[in-house]
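Biologist: Please take a close look at a single part of this structure, and lead me through it slowly enough for a first-year student to follow.

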Amino acid sequence: MRPDHGFFVYLLCSTSRVLYTGVTSDLIRRMHEHRTGALPGFTRRYAVNRLVWFECTPNAAAAVAREREIKCWTRAKKVRLIEAANAGWLDLAADWFDAPAS
């Protein structure tokens, strides 16, 4: 499922399960940025680009508040949140973009 619009809080992981919590008003665009390493920073440095959890919030303020809440959680609590909705840690955005040309 590709989210069309809204304000999103999301969790990404790397293949070694390094976690990242983010917020955006355009999850598809933001995932493309993470996938391509378009922006410098933590996610590019540690190859954190697999979407494992997200939720839509009613407005920007709610999204930022939820992001701050989740960022304060322990890793174990974040893992429980992910596994409650995505036990296999599947990449929820795996089919959102065309495969790169070989």
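Modeller: Helix 1 (residues 27-36) lies across strand 1, strand 2 and strand 3, in contact with them (heavy atoms within 4.5 Å), and runs at about 25° to strand 1, where axes are lines fitted to C-alpha atoms, for helices over the stretch in contact, and angles run from 0 to 180 degrees between N-to-C directions. The model is predicted, with local features needing pLDDT of at least 70 and side-chain atom pairs pLDDT 80 or more, while totals for chains, interfaces and linings use all residues. Residues are numbered from 1 along each chain, and side-chain values use heavy atoms, without hydrogens and water. Helices (H or I, at least four residues) and strands (E, at least two) are DSSP runs, numbered from the N terminus.

The three strands form an open sheet in the order 2-1-3, with antiparallel pairing (at least two DSSP bridges between two strands). Strand 2 and strand 3 are its edges, each pairing on one side only, and neighbouring strands are turned by 20° against each other on average, direction ignored. Strand 1 is joined to strand 2 by 6 bridges, one of which pairs tyrosine 10 with glycine 22.

Helix 4 also lies across strand 1, strand 2 and strand 3, at about 70° to strand 2. In helix 3, Ala63, Arg66, Glu67 and Ile70 are buried (under 20% relative accessible area, 1.4 Å probe, protein chains only; exposed is over 50%, partly exposed in between). Because these buried residues fall within an arc of 105° (directions from the helix axis to the C-beta atoms), they line one face of helix 3. Their cover includes strand 1, strand 2, strand 3 and helix 4, whereas the face turned away carries exposed Ala61 and Arg68.
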